[in-house]
Structures are given as C-alpha cells and as structure tokens.
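Student: Could you take me through one helix of this model closely, from its span to its bend, its buried residues and its aromatic rings?

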Amino acid sequence: MKLGEMLKDVLKFVFLMIDEIVVGIFLFVIFPSVGIRVPLSLSVTVIALLVIKDIAIVPSFGQILRKKAEVGIEALIGKEAVVVEDLTPEGIVKIGNEYWRAECINGKAKAGERVKVVRTKGLKLLVECQE
C-alpha cells in the first residue's frame, strides 16, 4: 500500500470517528475541568453507541459512493447511440430523445449505425464505432 493511500485511509478513519473524538473530549476533559463529573459507565456507553452507529452507517455510505451516476452526461457512458450525422470523426448521435455531439475514437460511422459511448470530453461523447 502506498503512503498516499495509507494517509487517505487514516483521514477517512479520523473523519468517521470525529463525533466520538469530540464527545470523548467533552466527557473526559472539558466537563471534569469545570467540575461536572459524568459516570464512567455512562461515558463508555455513549461512546459505544456512537461507534455502533458508525458501524451500522458506513456500509450504506460505501454503497452510495460506489453508485454509478444516474443523471447527467456521465450516465450515458456504456449506452448505445444511433448516429444521426456521420461521425467523420465528429458528428451527431441520438440517445433516447436527446441529440449529442460525438466523436468516434476508432474510425468513422455513417448515419443509422449504432455506436457505444465509452467516455465524455466536456459535453461531447466519445464513442466506439463498430468496424
């Protein structure tokens, strides 16, 4: 594992545990310094509940972060388009009811042919033409 990846993982862990850290500072440092005594069993229970909350929520965040875009130009990657204006190598394609400027990255395509969206470049679709 590279140092940069390790640092990223450590930062993720710290941000995940920030609420436990803040609550711990209040329970074990700030409250006692102003004369408020919180029973140790209550402090440990509160921190344990916060940790359990994190354990329960983290898998959901992972699924959300891995989810593929459903809207916008990125959602078109992997879709098939019909060529409306010859791609030599640039032209127009249609996906559903939308027209898009596209560029064929591996040759040319004539009107009526089908192409596959592989990437985007700004608001232009980069497509693979069937040879």
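Tutor: A definition comes first: helices here are DSSP runs of H or I with at least four residues, and they are numbered from the N terminus. The model is a predicted one, and the part to look at is helix H2, which covers residues 18-33. Helix H2 has 16 residues and reaches 21 Å from its first C-alpha to its last, close to the 22 Å expected at 1.5 Å a residue. Along its course H2 bends by about 40 degrees, and the bend is placed at Phe 26. Just after H2, Gly 35 takes a positive phi of about 90 degrees.

As for burial, the buried residues of H2 are Glu 20, Gly 24 and Leu 27. An α-helix has 3.6 residues a turn, so residues three or four places apart point the same way. Phe 26, where the bend is placed, is not among these buried residues; Phe 26 has a relative accessibility of 37% and counts as partly exposed, because the buried class ends at 20% and the exposed class begins over 50%. Phe 31 is likewise partly exposed, with a relative accessible area of 27%.

These two phenylalanines also bring us to the aromatic rings, of which the structure holds 1 pair. The ring centres of Phe 26 and Phe 31 lie 5.8 Å apart and their planes stand at 65 degrees, so the pair is edge-to-face, since planes over 60 degrees apart are given that name.

How values were computed: Residues numbered from 1 in each chain as written. Predicted model: local features only at pLDDT ≥ 70, side-chain atom pairs only at ≥ 80, totals over all residues. Heavy atoms only, no water. Phe/Tyr/Trp six-rings, centres within 6.5 Å; stacked < 30°, edge-to-face > 60°. Buried < 20%, exposed > 50% of the residue type's maximum accessible area, 1.4 Å probe, protein only. Helix = DSSP H or I, 4+ residues; strand = E, 2+ residues; numbered from the N terminus. Expected span 1.5 Å × (residues − 1). Bend = angle between axes of the 7 residues up to and from the residue.
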